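Biologist: Hey, got a minute to walk me through this one? I'd like to go strand by strand and then poke at the helices.
Modeller: Sure, pull it up and ask away.

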Amino acid sequence: MKIYFKQPDKTDGYSPFSVLKLRDCYLKHLIIDSDASKITSKPHHHNGFEIHIIEKGQQTYEADGKLHCTNSGEFFFIPPFVKHRVLSSSPGTEKFSLVFSSTELSYLTECVSDIVPARLLENIYFIINEYCNATSLSEHIIQNSVCECVIMLLRLCGLRELASDKNTEEPEDLRLDAAKAYIKDNIESWLTVSDIAAYCHISTKQITRIFLKNEGISPAQYIAKSRIDHIHKLLESKELSLREISEKMNFQNEYYFNTFVKKHLGMPPGEYRKMTK
């Protein structure tokens, strides 16, 4: 038996397992021919959940008084406290076993046998590769991948999920955020309202309405305010000359630079710089 994952006793910050309050989670790989001594034929039960994924071969289980034949590419889900045992295994059988506990899943009380999603097997092989070629980030990657496997299987077994409230932002809010980010990233260029509208794939009328509604000013005014805020920082830093700032901000010449700064700061850039000494 090979254990590819054991859930850490403690995790720093958010863990994907915290959503379903999973604990004591393991991912194991069993080769029946060599691990036969670890498979009991005596009826027993566990306090947690068991999910057996048959990679190769076939196993027949007795669970809750019923027979379940699970073939290659299928899984068998066993809830807590359900008495079960393995009755038989075909030669060469190999399987993965996911075991875990959770107080949040007490409503899952029925045994389930179903086809394994292709994505799940891909995930397991990905986990094995990460385990065998471990890096400093592998532990986190494996943990997330194991949790994804558990959720995929639990969904097939009747997992109850609450609707997400994350995607409550309106498209208008997202466009405003995109426009403001674009302005910030390109503030040293001469941006127009048409540039912003084109970037957001909407008309100039729509982008103007969005800015007026949410910012209280037009996009042209927002661009000008963002430019003067940036110039303000450059003047205070004193790392660049006035001419270098004018060129950096792509003014046609220093006259237009002086005029722009005087309009928005109430004085020419030279005087403003002297005041900040």
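Biologist: How many bridges join β1 to β2?
Modeller: Four, with β2 covering residues 23-31 and the two strands running antiparallel. Keep in mind that this is a predicted model.

Biologist: And what stands opposite K6?
Modeller: That's Y26, over in β2.

Biologist: OK, zoom out. What's the strand order in the open sheet?
Modeller: There are six strands, in the order β1-β2-β8-β3-β6-β9, and the pairing is antiparallel. The edges are β1 (2-6) and β9 (112-115), each of which pairs on one side only. From one strand to the next, the twist averages 15 degrees.

Biologist: Which strands does α2 lie across?
Modeller: Helix α2, residues 118-132, lies across β1, β2, β3 and β8, and it runs at about 95 degrees to β1. Helix α3, residues 138-156, packs on the sheet too. The strands α3 touches are β1, β2, β3, β6, β8 and β9, and its direction makes about 90 degrees with that of β8.

Biologist: Switching to the other strands: how do β4 and β5 pair?
Modeller: Antiparallel, through six bridges, with β4 at residues 58-63 and β5 at residues 66-71. As one example, E62 has L67 in β5 as its bridge partner.

Biologist: What does D64 do in that hairpin?
Modeller: D64 takes a positive phi near 55 degrees, in a hairpin that has two residues between its strands.

Biologist: Then how many bridges are there between β4 and β7?
Modeller: Five, again in the antiparallel sense, with β7 spanning residues 84-89. The bridge partner of A63 in β7 is H84.

Biologist: Let's jump to α7. How far apart are its end C-alpha atoms?
Modeller: They are 27 Å apart. Helix α7 has 19 residues (219-237), so at 1.5 Å a residue it should span 27 Å, and the two values agree.

Biologist: Which α7 residues are buried?
Modeller: The buried set is P219, Y222, I223, A224, S226, R227, I228, I231, L234 and L235. Just after α7 comes K238, with a positive phi of about 60 degrees.

Biologist: Now charges. How many salt bridges do you count?
Modeller: Ten salt bridges. One of them is between the side chains of R155 and E161, at 2.9 Å from N to O. E161 counts as partly exposed, because its relative accessibility is 46%.

Biologist: What about K248, which side chain does it meet?
Modeller: K248 meets E188 in a salt bridge, 3.2 Å from N to O. K248 lies in helix α8 (residues 242-248) and E188 in the loop between α4 and α5, so the pair ties together parts that are 60 residues apart in sequence.

Biologist: Where do those two fall on the buried-to-exposed scale?
Modeller: K248 is partly exposed at 33% relative accessibility, and E188 is partly exposed at 24%.

Biologist: Which residue does R243 pair with?
Modeller: R243 and E247 meet in a salt bridge through their side chains, 3.4 Å from N to O. Both lie in helix α8, four residues apart, about one turn of the helix.

Biologist: Why would that spacing suit a pair?
Modeller: An α-helix has 3.6 residues a turn, so residues three or four places apart point the same way.

Biologist: Last one: are R243 and E247 buried or exposed?
Modeller: Both are exposed.

Definitions and conventions:
Residues numbered from 1 in each chain as written. Predicted model: local features only at pLDDT ≥ 70, side-chain atom pairs only at ≥ 80, totals over all residues. Heavy atoms only, no water. Pairing = 2+ DSSP bridges. Axes fitted to C-alpha atoms, helices over the stretch in contact; angles between N-to-C directions. Contact = heavy atoms within 4.5 Å. Expected span 1.5 Å × (residues − 1). Buried < 20%, exposed > 50% of the residue type's maximum accessible area, 1.4 Å probe, protein only. Salt bridge = Lys/Arg side-chain N within 4 Å of Asp/Glu carboxyl O.
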